[in-house]
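Student: I have a model open and some time to go through it. Can we start with one strand and work outwards?
Tutor: Fine, here it is.

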Amino acid sequence: MEQQHWWTARSDRPLWGAWSNLASPGAVGTLARSGADWVLLDAQHGEHDDRSVRECLREAGAGAAPLLVRPGRLDVQEIGRALDAGAAGVVVPMVSTPEQARTAARACRYSPTGERSWGPHALLTGRPPAAPADADAQVLCAVMVETREGLANVSAIAAVEGVDVVFVGPFDLSLELGTDVEALLAADGPDDPLPTIVRACAEHGVVPGAFGVGAARAARFRDLGFRFVAALADTELLAGGARERLAALGGPA
């Protein structure tokens, strides 16, 4: 029987994620205990770095949602450091070829199936490390398809052993395709980009995911068949909540 992972455990709805741009352990801890299914620490476009990742992982603690890290780029050392700190997995940006996807997947796992280096996890996290085979089985490797080349190669990327989620970056993908995010989301023919990605994932048994921050976009990704969707972000919540409160008080809207 195929192993059931936390990222495939639900079939009634997508796993809704919270995106953390702000390097605030308190804010991340709040998101991780908010009911979100997962929280991502963004070290590509957000404020997160080695130190904030470790602080946020300690703050979230046991019983919180799984914390993932988006490294700044496809880099074996960056991926390994995030996992050494205790991240449940990584979402690797700008993966356009099966070779790049294979590099990401192998960076998440120890020899003989991967190239992850064993590190002093207990000293870094205060938690005993999992045995290599258990760590390999529990880690999530998501790769971001956000280029024209990645879209053309999506079936081969989804077929790579060790890739668990193919994750759409709609802003970069729409820029590459000469369109915008709303038009990308509206295109729902069988050969349009997003249905093509969902179909490739289904064919190879991996989960389709996407950055869908905002209720309407998240719901649209859900309706298109995406099962692992970032539905909110700390910066969006902070700005939107402030605007709403000020408008209710008759201030700036």
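Student: Which residues of β7 are buried on one side, and which on the other?
Tutor: Val207, Gly209 and Phe211 are buried on one side, and Pro208 and Ala210 on the other, so both faces of β7 are covered. Buried means under 20% relative accessible area, exposed over 50%, and partly exposed in between, with a 1.4 Å probe and protein chains only. Strands (E, at least two residues) and helices (H or I, at least four) are DSSP runs numbered from the N terminus.

Student: Why call β7 largely enclosed?
Tutor: Because five of the five residues of β7 (residues 207–211) are buried, the strand is largely enclosed by the rest of the structure. Bear in mind that this is a predicted model, where local features need pLDDT of at least 70, side-chain atom pairs count only at pLDDT 80 or more, and totals for chains, interfaces and linings use all residues. Residues are numbered from 1 along each chain as its sequence is written, and side-chain values use heavy atoms, with hydrogens and water left out.

Student: What does β7 pair with?
Tutor: β6 (residues 165–168) pairs with it in the parallel sense over four bridges, and Val166 has Pro208 as its bridge partner. β7 and β8 also run parallel, joined by three bridges, with Ala210 opposite Val229. Two strands count as paired if DSSP finds at least two bridges between them.

Student: And the overall sheet, open or closed?
Tutor: Closed: eight strands form a barrel in the order β1-β2-β3-β4-β5-β6-β7-β8, with parallel pairing. The twist averages 30° from one strand to the next, using axes that are lines fitted to C-alpha atoms (for helices over the stretch in contact) and angles from 0 to 180 degrees between N-to-C directions. β1 (residues 15–20) and β8 (residues 228–233) pair in parallel over five bridges, and Gly17 is partnered by Ala230.

Student: Switching to helices. How far apart are the end C-alpha atoms of α11?
Tutor: They are 17 Å apart, which agrees with the 16 Å that its 12 residues (193–204) should span at 1.5 Å a residue. The expected span is 1.5 Å times one less than the number of residues.

Student: Which of its residues are buried?
Tutor: The buried ones in α11 are Pro193, Leu194, Pro195, Thr196, Ile197, Val198, Ala200 and Cys201.

Student: What phi does Gly205 take?
Tutor: Gly205, just after α11, has a positive phi of about 70°.
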